[in-house]
Every structure is written in structure tokens, then in C-alpha cells.
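Visitor: Could you walk me through this model, starting with the basics and then going inside?

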Amino acid sequence: MRIRALPLGTFLLAAWAGPVAAQLISIRTVPISQSHQFDLFPSIRMGMGGVSLAVTDSLHDPFSNPAKGVRLGASRFFGSPGVYSVSQGAGAGRTLPVGTWVRSGNWFGGASVALQEMDLSDANPFQPFPPSCPQCDVAQILQVQGVQLPSADRSHNNAFGYAMLGMAVPRKGLSFGASVLWSGLHGVDGVDLLYPRSARLTQKGHDVDLRLGALKEWGSGRSLSAVLVHNRFSSAHDVFYFDSFWDPGAQQFSQRPRLEENLDQTNTWGAHLEYSLPLRAPGWRVGWVATTNLMSHPKIPNYEIQAIPRDPGNSEAFNLGVGISKSERSSIFALDLLYEPIWSYTWADAAAPLETAHGTTIPAGGKTIENRFRFSNALLRMGLNQDLEFDQATKGLGFQLGLAVHRIDYSLVQNDNVQATTRRQHEDWVEWTPTWGLSLRFPTWEVRYRGSVTHGTGRPGVRSGGDEVFAGDAVPTTILVAPSGPLTLTGVKVMTHQVSVSFPFR
Amino acid sequence: MTPRVPLLLILGLAALAGCTSEVTTPDPQQTIDAQLRASIGNWGIVPIGEMPAQNPAQVALGRALFFDKILSGNRDVACATCHDVSAGLGDGRSLAVGTGGTGTGVARRLGAGRQFTLRSAPSLLNAGLGLYTMFWDLRLSGNQGQFVTDPNVPFPAGLPNILTAQAMLPVLNRHEMRGAPGDVDVFGNPNELALLGDQQPAEVWNAVMQRLLAVSEYVAMFNAAFPGTGQHRFEHAARALAVFQMEAFTRTRSPFDRYLERDDAALNLVQKRGGLLFFGKAQCSSCHNGPFLGGQGLANVGAPQVGPGGAKQPPLDLGRGEHDNNDFYRFAFRVAPLRNVELSAPYFHSGAFRTLDAVVRHYNDVRKSLTEYDPSQLDPDVRTMYHGDPATTSAVLATLDGRFSRPLGLTDTEIGELVAFLKSLTDPASRNLASLVPASVPSGLSVRE
């Protein structure tokens, strides 16, 4: 793959989009894809590019809207082991979710647990000293300074627990459900790449996702569903750096450790509506979706790689979408189109009173930098499913192909209240994700495989003095004490594979 | 719609996806801190760590020696005479007045029949950080125990740092401390140091030590500072002088240093703008770089020629060219380290400019500045020693560093910002060093006069 660098000059606004992200709108200002890490749960449509607006996904829909658990047939177990890997050695992970759906009368429920082991980028080796200090012994210096670095182990474990309970009111075609998903996180993919030149990074955080869902289905095939979501994400990043300094005692360059403690917090309230109905033409179906997310970011990390200072912030994110599907005998074609307008406002606080270019003073706690983002994202998904049935339809073989295209486009207006300047910046990129799938269905169980590869995301670095210094490159000859320039990006591919098995247990 | 149509559509788009490249956007602007930190990072400028605590007995000995005129042949000059605590550890004069002079600091005057030293007295602030070179002409260089001087002085083995090596040299210099043959000291006694030949450095050092060890208090101080040493030699005195300077003269807590320690609020906006100019348009960092913001290189910056001149081509001072037969080094002088530069006026080897504003204006258009130099900026008693004739000016400009061949084009506002940045290099603790002056010294000689 040809490696190319492109300046981005912005940062990741780490709006959380976890394992059940359908109603949570991800806000990203750098093209680091994280969704592959959280594609945990089984799906019958992911091989179709993830289309969802005009087709149902009986395996995955209950995770998005617990009320849709009513569509589950028999009670069943499932397991969906998956792996993903990022090219250029920029990360990998393995996940094993297992769970069960239970149906008893008008009640339905489910539970699932998942364990995940993820690898940080192996292209971010810690280079302890610049060439100016070749004789320095990092172990000795750490011992002298009494510093204990965290383990250099690149692998970190995440755990997920999910529970759902719902009730159907068949007489009225109504169902209701509630779910909770807890995620214990020690490694989020890509975060390490945002701290280039760090010696160690430890992540410790959690996410709690609470959902209330409702579903109304009419006999004509129409359906209306609604979800209320509350999500609380919090993660602490302990980042160790080694800073170069001149040691007047030894009269030579040396390095000393520095710990930076960052918090990444986002709280989200969201509402989501879906409506779908069959069209008059046989086999055709159309669906609409509308989502709103109100997010507060009490604390956004000070990523080493970002060049735009900010501290807290808030966002308002929406999506509007329409989907259409065509079913014909054993084939389905579906297409979704979504538009995501997002407004985000972040700022940096003054730690101490600051004099401005106008001679006025910004008091401590006042806003020194204000960033106003305006996103106009678009998402196109399309997919095809073809089933072949055997033995009087007791067995089946299915193929899926799909494509998801996600265009992120935003503009930033940044007011620097210290320098009394305003600047504007525009960024956009496109992520392409071809998907494919294969399913084997037997009378009592089924096995599904799906894969995807995402192009257009990248591995960020920092430009310094005309040199491209990527996160994984050796420490350059110059000694850097701080973010040194516009961001750069090396394109990577994210490959995901998942096999899911499900079978009824009664 | 037959399944074949969407299938082909998906396959086509998927194939297209593999060929897609990312969108490139122009480099964005950055905040002033991001710009400034990026600039700093490009020049190897790093924070200075804490100076380790020094041996108290050696510090005490070094302090006594630094302020004691007993080290000079005529017992009339101490290190502190030309490195005055009230003048930023320089003397505030265009050219230093060595032995035979009267007064202190900027009020110091040349003695009858004496000659100014070749150049101004450089500040000793932060001289103990680990510089690789010393003196305006870099005639002393080295590190980690290996030192070279020109003319060659056979240093004793095992000197721990360059500051110790430097401390062994002024007592050898007739203009600075040793005196001329026939001199008598302040008590009217013959100056025995001056009688020794210029090729007898070891004998001079031994003679100085004889003086010191004749003072019982010094014997006790040497014994305390260097216990178990069979015979105290001048290198012990030099080591103590270096240790004292490292302990007392290391001042690296300037606003800029705090900024290097990631405190964005340490510099104000004007200073940050000046910093961007320093590392950018004004090109200062092309010479003033590294951990000391200079101190390691040579450059002919077109400084006015003032003074008695060197041995090669008097009355001109060829700087490094006095030592090297290479035109490249004619009129090249040391690039001064810049921490606390605000306190070390006047500036350049000849003390030609009294203010940082004047220095920056000189750099803004070196050719014009040198050609139109106003010698009234010099001390009155050295103005007659200004060599501003066209031939000298042409000679200096002939080897002018290429970086100054064209004007920088700095505006008055930018010059002010640059000066503000240079003043941010001042450690507030270095503004008043009076507490370092002892009430008395073991020899009983005057400290204040």
C-alpha cells in the first residue's frame, strides 16, 4: 500500500460510539476508525454494508432497541467471535461475545457478555533517548529517579456486559423494552496513536448505556419504533512521556519522565425514531429514521497530537435518513442514505489571568480559545443478500455483499481570544467499507461469517520541521517538547472478520 | 430490479473503494503556542535541569577566592572586579579594565600607564551549565575532562569541567590579573607573579598557591574542601571557583524556562510574538540555539571594532581570526548564550551597544548599522579607540556572516516584540546578586573597593 501523508491539523473529538452505536452519533475530527473494535454482537445484515432502515436484523436489532426483542423467534444461544486488524501495525483485537435470547409468553429478554483483548499499535515503540544522548541508560535513570513505568504490555482487556428485558402487548401490536450495557475499558483502539512519543499509556474507563425502547407494529407491515438513550462514557488516560532536558550536573542531555493525566468524558442523551412500511409494489419497503443526540463533554483529553487547545465542550448531533429495500424470492437489496448535521462547541480555559492583544485580561477560568464545528456528514449503505435453499428449505446457503460510504465533512471557526484572531478550517474525508458475508443454515442452528475492510481511515502523526514524524517513527534528531506541527495521516486499512453461531435451546 | 444490477453496483463501488485516496487539505494555521513550541522544537532548545547541590566547603572556598584580590599579582583585582554582581556578572563596560585600575563596575577607570583588556568582560551567569567553549574568541574548548586552549596552556590532568579550566587562565593574563614586570602590589611590595615568564603557567599557579597557603584561613578552607589531598594545588582553587559559580551563578528560572516546562502562561502575548520572530523571521535561532540559546558557535556579526586590538593586526581585533589562519574566522566572535542577556549589557565583544533594542536594530541591517555606527554608545574613555574608518568597516564586512548580508526587514513593533522576548530570558533571581558578596575575605583585602 502506498503510504501518503496528508495534513489534517485537527483533533479527535472523542464522542463515544460503543458497541450499540446505532443511536449514538460518533463525532470524529480525525479519521481514526474505532467502530471495528465494538462490532461485538451478531448481525445478519452487517455483510450487507450494515443497512438497517428498510430491513430488519433480528439478531442485532434488540441491541439497538430493546423493544425489538419481540421479533426474536425461539429462545437461542449465540456466540460471535470476531477479530479485527489495522494495517501498518496500527492495532488489532479479538473479541468473544456469548449470549442468549429468551422468549417466554409476552416477555422476552437477553443477556450477553463479551471479553476483548486488543493490541495497541506496534508501530509506536518507545525510543528512550534522542541521538544526542546515546549513552544514556533509561533503566538506570528511572531507577535513580524512582520512577515506575506501567507495564509495556501492548495488549489490554475490555469486558462488556449486556442485559435486556422486554414485554409485548400483542393485542395492540406494542412492545416495550429496556436494556443496559456496561463496558469496562482498558484499551480503546487508536487512542495510543494520539499520544505520539509517549513512553507508556494506560487507559481505564467505563461506559454505561441505558436504553428504553418501544415498538408499534401494524398488521399492514408498518412499524414505528422509538428509543431513548442515556450514555455516560468516562476514561482516564495516564500518559508517560520522557522529556529531554539539559542536565547541568552531568553536563549533557538527559531525559526525565513526565506523567500527564487526562480525562475523556462524554455524556449523551439521545432520542431515536424509526418508521418503515411496505410500498404498494410487491417486495418494496421504505424506512425513515431521525436521531438526536445532546452531548456534553465535561473533559476532552489534551492529546499530544492535537494542535487546537480545548477543554470542555458540548455538541448537538442529528441524523435524518431514508432507506429502501426490495425483496424478491430469496434475494434482498437494500439501500440507506443518512445525513448527519452536527454542531459542536469546545473551548479552552485560562489557567491564570491572561493579557489579550487588546490589552484586556481574560480571568482565570475564562475562555481563551473557542472552537465552533459544523459537520455535514453523509452515510450511504447498500447491500445485497442472496439465499439458496436446499432440502425443502430446511437448509440454506446465503451470500451477502455490501458497501458503506461515510463522508465526514466539517468546518471549524476558531476564535483565539488571546490574540484576538479568528481562523477557519475545513476538513473532509471519505471512508469506504466494502463488506461481505456468508451464512449456512441448518434445521436447528446457523452459522454466519461476515467481513469488512475500511479504507480512508488513518494513522496520525505530527509534522515537524519539514519532516514527517509519524507516531511510530523513531524519535527525530530534533528534540521536541511539545506538539510540533500540523497533523499528518498515513492511510491504513481496517480488516474485520466475525463468525457468529446461533442455535435454539428450546 | 433484478439482483444482478445491485450486485454489479456494489462490486463496482467496492472496487472503487480500494482505489480511493484521502482528501488533502492545506496546512491549517496554529495557535501561537503551537507555532512557538514547534519553532522551539526545531532548534534543540530544551529545559535546563536543576543544578545539583555542590560541596558546601568547596562553595565556601570558591566564594572567598572569587571575591579575594589576592589572586591578582598586584592584589588589586578579584574575579568579582570584572564580574561584578551589580552588573550581571560582567562589568557593564565596553572594554574591561584589568589590574591597575580603580573603582568597580561601570565606574571602574583605567590606571595610569595601563591598557584596556582586549574585549568586554562576559557575564558569568550560567557559565557552569556545561558550555563547550569559553571566551569571546573560543580559545578554550572541551568537555568531560579534555580541554584545549590557544595559545596552549598545559592544564593539569583531571579537570572536571570547562569552568575549572577557565578559572585557571585569568591569573596568567598580565592585563587581567597578573600585572607587568616591575609592578608592585597595593602594599608596595614587588609583584612576584609578574616576574615569571609568559611560558611558565605552572610556576604562576604555584606562586598563587604559595600566597593562598600563607593565609591560615585558606589552609583550613582548602583542607575542608579537599580533605585527604596531600598537596593543594591551584587546580583545587580553580575547582572551588567553578563549584561556587555553578552553585551561585546558575539562574535558569526565567519565564522562557517556565514556558519550556510547558507553562503556556509564562510568556505574555508580546513575548510569544517576539519568540516567533526569534525563531523565524529574525533568524536569531540560526545561531542562538541548543540548550543555552547560543554559546557554542562563532559568527562575524559586523560588530564595531573597538579597543587596542589583537596581536595579529593591531589595532584590529580579529576574534577567532587571532588564532586561525583562515579568513573565514576573521572578526568572528563567540555566539553568546542568551539566558539573562538583559542583564549583561553592553553587548558584543566590544561592548558596542548599550541596549537590546540597539542590538536588534543592528541585526536588522548590519551593513548600515556598522557603517553608520555612533561611537557615543561606547564608554567615554574608549570612544577614541573606535575604529570606524572605511578600510576597517570594509574589512569587517568582507567576512560578514552570510545571514546578515541582507536586512531582516523588522518593523519597530517587531523589534519591540523581539526585545520583549529577550527579556523573558531573565531569571528574576539573577537581578539582585548582592547577597553573594561576603563581608570579608581571608586575605583581609578589601572586598567592596
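Guide: What follows is a short conversation about chain B and its packing. This is a predicted model, in which local features need pLDDT of at least 70 and side-chain atom pairs count only at pLDDT 80 or more, while totals for chains, interfaces and linings use all residues. Residues are numbered from 1 along each chain as its sequence is written, and chains are lettered from A and ligands numbered from 1 in the order in which they are written.

Visitor: What does the secondary structure of chain B come to?
Guide: Chain B has 15 helices and 5 strands, taken as DSSP runs (helices H or I, at least four residues; strands E, at least two) numbered from the N terminus.

Visitor: And which strands form the open sheet?
Guide: In chain B the order is β1-β2-β3, with antiparallel pairing, where two strands pair if DSSP finds at least two bridges between them. β1 (133–134) and β3 (146–149) of chain B each have a single partner strand, so one side of each lacks a neighbour in the sheet.

Visitor: How many bridges join β2 to β3(B)?
Guide: There are 4 bridges between β2 (residues 140–143) of chain B and β3(B), and B:Asn143 has B:Gln146 as its bridge partner.

Visitor: Changing topic, how much of chain B is buried?
Guide: Of its 449 residues, 52% count as buried, meaning that 20 or more other C-beta atoms, placed from the backbone, lie within 10 Å of the residue's own.

Visitor: What does B:Leu418 touch?
Guide: Leaving out residues up to four places away in sequence, B:Leu418 touches B:Gly274, B:Leu277, B:Phe278, B:Ala282 and B:Val360, with contact taken as C-beta atoms, placed from the backbone, within 7 Å.

How values were computed
Contact = placed C-beta atoms within 7 Å. Buried ≥ 20, exposed ≤ 12 C-beta atoms within 10 Å, placed from the backbone.
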